[in-house]
Amino acid sequence: MRKDYEILGIGEDADEKAIKRAYFKLIRKHSPEKDPEQFQEIRAAYERLLEEKDKPENGIQLEFPADDKFALSMFDQIQRLMQEGEYDRAARTAEEGMGYYQEVECFLYLYARCSILDGRTGKGVRAYEKLVKRYPDKVYYQSELAKAYHMRGFGRKAYDMFQKVYEEGWRETDFMTLYSLCCFSRERYDEAARILTELIDSVPCEKVNQMIPELLEAYTGLFTIHGAEPFPIGAVAEKFSAFLNQVGDRIHDYEEQLMGILLGACAATVTEEGEEIRELVSQIQELLSIDSPEDMPEEMAEAYEIIEDERFSEMMKLTIKAFVLLDDMEYPEEDFEEYARFRQVDAFLCQLEAWPSQRGELELLKKEYPNIYECGTDVWEMLRQSRANKGHMLGAVLAEYGKMERKFKCGHYYELYPERRAAQVQWDSQETGTFVRQGRKIGRNEPCPCGSGRKYKNCCGKGR
């Protein structure tokens, strides 16, 4: 179990509240589509720790070999192994039971459950598929299959199953949370927002204090969705304000999540509902002991305004996010410095390829957002100087970018300019190793590939 606590980044004395808080923080950083292995690891660790904390059973009735002492002893052994965290052995024992009793429901379900807890999601998926086929009236199995598909990274299958189970009336909290994440990853933003709103509205007042982590995750999701595709957020702000009033001092255990919602709310203040959102911002700032809006750096406040400013291109917004906002909600803290560097190099390469088409945006930036402009002075100056040696500059930056891109696999540059990947020298491993050149080496006396007309040794190959 110690490894599970390490995966979630919490101590072994963490209670269920802390486990949930850590889990909800991590699953937004590691989606099954972008980082399936990490998501599977986080999800399995979360479920194992909740099992250890005596998570309530789902209450379904399982078929069991009648009056069979051997079957009962196997069932008891599986339960004991699960309590001890021996999920691999528990799954193998359940598999033996399936062999003896022709995949009777109780052993098939335990095999599916233990396979998921052991991180063997492929086997878990296949077992849940059998259960769904044999017991079509048990919606619980369908919900577990939807989660297993999502955990495995089967986005289309997960979405279809989530939708089917939802239409049948299933509203379990964990199911709703994962369903909304699945919708968000498939850019079905309206559907994701509707699900989270329903989840929030379904929690009775007397249970709010017991579900603070889940509700904070739902509100975080709504503000995240608003950032991706704006929708009327005033009602959400009003509900969140009432939620803060109800939970009172308990919210101080969740200040990190609260700060994330504050940033999302600040970004929403530039909308037509800005006045309502500003009241919420002030309320959160007071809870976080932030005395006034001026406590937020001016460049950060300007950055959020730029993200909503339709006069700026997506490329410029990408650059602002990389150099000013440093979107640290997407990568683990231990790799964040390297990840931030990768995002910045990625944004710079995109700008460099497009230059000088964005000169007008720079002038607008300098005039209306001077703090942001000052933050990127070095970048803007390098772009202006690139006219004379653009090919050389691209080559120098790509040498660093190619290696980092193999590790993080989430840049925009190769998506916009795929031909650059084919021409780029690649590494033989993600971390260390030797270069493996793709294509013929350019001779020093040959024309430079940048098109300058000069020899390679006097242009991009100078000094190499």
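This section describes the nonpolar cores of a predicted model and the surroundings of one helix, α18.

The largest nonpolar core of the predicted model comprises 108 residues. Within this core, the residues with the most contacts are Leu-8, Phe-107, Tyr-128, Phe-240, Phe-243 and Ile-284. Helix α6, which covers residues 105–117, supplies the largest share of the core, with 10 residues. A second core lies apart from the largest one and contains 42 residues, including Phe-312, Leu-318, Leu-349 and Tyr-417.

Ile-284 was examined with its neighbours within four places in sequence left aside. On this basis, Ile-284 contacts Phe-240, Leu-244, Leu-258, Ile-261 and Leu-262. Of these partners, Phe-240 is itself listed among the core residues with the most contacts.

Helix α18 spans residues 336–354 and includes Phe-348. At 1.5 Å a residue, the 19 residues of α18 should span 27 Å, and this agrees with the 27 Å separating the C-alpha atoms at its ends. Of the 19 residues in α18, 15 are buried, so the helix is largely enclosed by the rest of the structure.

Phe-348 has a relative accessibility of 7% and therefore counts as buried, the cut-off being under 20%. When residues up to four places away in sequence are not counted, Phe-348 touches Val-379, Met-382, Leu-383, Met-393 and Val-397. The C-alpha atom of Phe-348 is separated by 9.9 Å from that of Met-316, a residue 32 positions away along the chain.

Terms used: Residues numbered from 1 in each chain as written. Predicted model: local features only at pLDDT ≥ 70, side-chain atom pairs only at ≥ 80, totals over all residues. Heavy atoms only, no water. Core = buried A, V, L, I, M, F, W, Y, C linked by side-chain atoms within 4.5 Å. Buried < 20%, exposed > 50% of the residue type's maximum accessible area, 1.4 Å probe, protein only. Helix = DSSP H or I, 4+ residues; strand = E, 2+ residues; numbered from the N terminus. Contact = heavy atoms within 4.5 Å. Expected span 1.5 Å × (residues − 1).
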